[in-house]
Amino acid sequence: MKSIAEGLIEVRKQIAIACENSQREQSSVQLLAVSKTKPATAVQAAYQQGQHKFGENYVQELVTKAQQLADLKDIEWHFIGPIQSNKTKDIAKTAAWVHSVDRAKIIRRLAEQRPSGLRPLNVLIQVNIDDEETKSGVAPSQIAELAALVDDYPQLRLRGLMTIPRANSDEAQQQQSFEHMANLYSELSSQYPEVDTLSMGMSGDLELAIACGSTLVRVGTAIFGART
Ligand SMILES: *Cc1c(COP(=O)(O)O)cnc(C)c1O
């Protein structure tokens with residue numbers, strides 16, 4: 001079995017090659033290690049290899065691991081899963097970033113519940129780019145309204161967009177979805193100077209996502225191995 005350290009080295013290499021192929025600086029793409037369902041010891045192993053940004057999908061797991069690993073300096077937690085409104089408080093208290101914001105009620109609650117001693121919560125709006133019924137995220141036409149609302153709250157900082165394109169679609173279709181996202185992102189960043197993050201690409205499609213302009217890839221399986 002591959003170790004976490006080996007997984008990280010391979011993923012970093014993949015990112016470097018993808019950047020080279022599209023003539024982008026390697027520093028223009030961040031790596032978020034998605035540690036959902038993996039124990040705190042796995043996060044610690046990745047942290048020891050210099051990985052400081054971690055993504056979690058379930059609020060309880062986020063809270064538990066953040067408490068267990070509170071001693072790790074500069075560790076940064078990103079919440080990337082669907083958000084239920086009764087769970088916003090824990091997210092607001094624990095995460096530095098949230099990628100999955102998709103409605104006004106959630107924005108208001110996160111802002112009200114962000115503790116005043118913490119820096120503003122970095123917010124990405126999730127876009128349901130392939131209009132899938134089963135997926136959270138807003139339609140492209142709803143981005144502007146939510147962005148304006150996030151921008152109104154000093155407790156929140158609008159940083160960009162996130163997407164999870166349709167699984168199992170062919171590469172041409174995926175590319176079209178990624179390019180559509182890149183256009184939406186470019187429009188948003190021209191309006192808001194603080195917008196600097198396009199979160200797209202996972203273990204299976206990070207090269208294509210980088211070729212299309214992703215600035216942050218969310219990678220679980222390729223680092224930590226398959227989830228059971
Ligand atoms: C699980 C998950 C990932 C990581 O997926 P892998 O295929 O394991 O790399 C990325 N983003 C989101 C939103 C996820 O839920």
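## The second largest pocket

Let's start with a pocket that has 21 residues in its lining: in the second largest pocket, Ile-164, Met-202, Ser-203, Arg-218 and Arg-227 are the residues nearest the centre. Keep in mind that this is a predicted model. The space in this second largest pocket comes to about 380 Å³.

What does the lining of the second largest pocket divide into? Eight of its residues are nonpolar, seven are polar and six are charged.

## The largest pocket

Now for the largest pocket, which holds about 510 Å³ of space. Its lining is made up of 18 residues, and Ile-75, Thr-94, Ala-95, Ala-96 and Arg-114 sit closest to the centre. Three elements each give two or more residues to that lining: strand β3 (76-79), helix α4 (88-94) and strand β6 (156-163).

As for chemistry, the lining of the largest pocket has ten nonpolar residues, along with two polar and six charged ones.

## The annotated domain

UniProt, in an unreviewed entry, puts the feature "domain: Alanine racemase N-terminal" at residues 27-227. In the model, the C-alpha atoms at the two ends of residues 27-227 are 29 Å apart. Helix accounts for 38% of that span and strand for 20%.

## One helix, two sides

Helix α2 covers residues 40-48, and its buried residues are Ala-40, Ala-42, Val-43, Ala-46 and Tyr-47. Look down the axis of α2 and these buried residues fall within an arc of 160°, so they line one face of the helix.

Which exposed residues does α2 carry on the face turned away from its buried side? Those are Thr-41 and Gln-48.

## The cysteines

There are zero disulfides in the structure. Take Cys-19: this residue is in no disulfide, and the nearest cysteine sulfur, which belongs to Cys-212, is 13 Å away. A disulfide would need the two sulfur atoms within 2.5 Å. Seen from the other end, Cys-212 is also in no disulfide, with the sulfur of Cys-19 as its nearest cysteine sulfur.

Buried or exposed: which is Cys-19? Cys-19 counts as buried because its relative accessibility is 1%. Cys-212 has a relative accessibility of 11%, so Cys-212 counts as buried too. The cut-off behind both calls is a relative accessible area under 20%.

How values were computed. Residues are numbered from 1 along each chain as its sequence is written. This is a predicted model: local features need pLDDT of at least 70, side-chain atom pairs count only at pLDDT 80 or more; totals for chains, interfaces and linings use all residues. Side-chain values use heavy atoms; hydrogens and water are left out. UniProt positions are given in the numbering used here, feature names are shortened, and annotations may be inferred rather than shown by experiment. Helices (H or I, at least four residues) and strands (E, at least two) are DSSP runs, numbered from the N terminus. On a 1 Å grid over the protein atoms alone, a cavity is a set of points where a 1.4 Å probe fits but cannot get out, and a pocket is an open set with protein on both sides within 12 Å along at least five of seven lines; lining residues have an atom within 4 Å of a point. Grid points are joined across faces, edges and corners, and a volume is the space filled by probe spheres set on the points. Ala, Val, Leu, Ile, Met, Phe, Trp, Tyr, Cys and Pro count as nonpolar, Asp, Glu, Lys and Arg as charged, and the others, Gly among them, as polar. Buried means under 20% relative accessible area, exposed over 50%, partly exposed in between (1.4 Å probe, protein chains only). The arc is that of the directions from the helix axis to the C-beta atoms.
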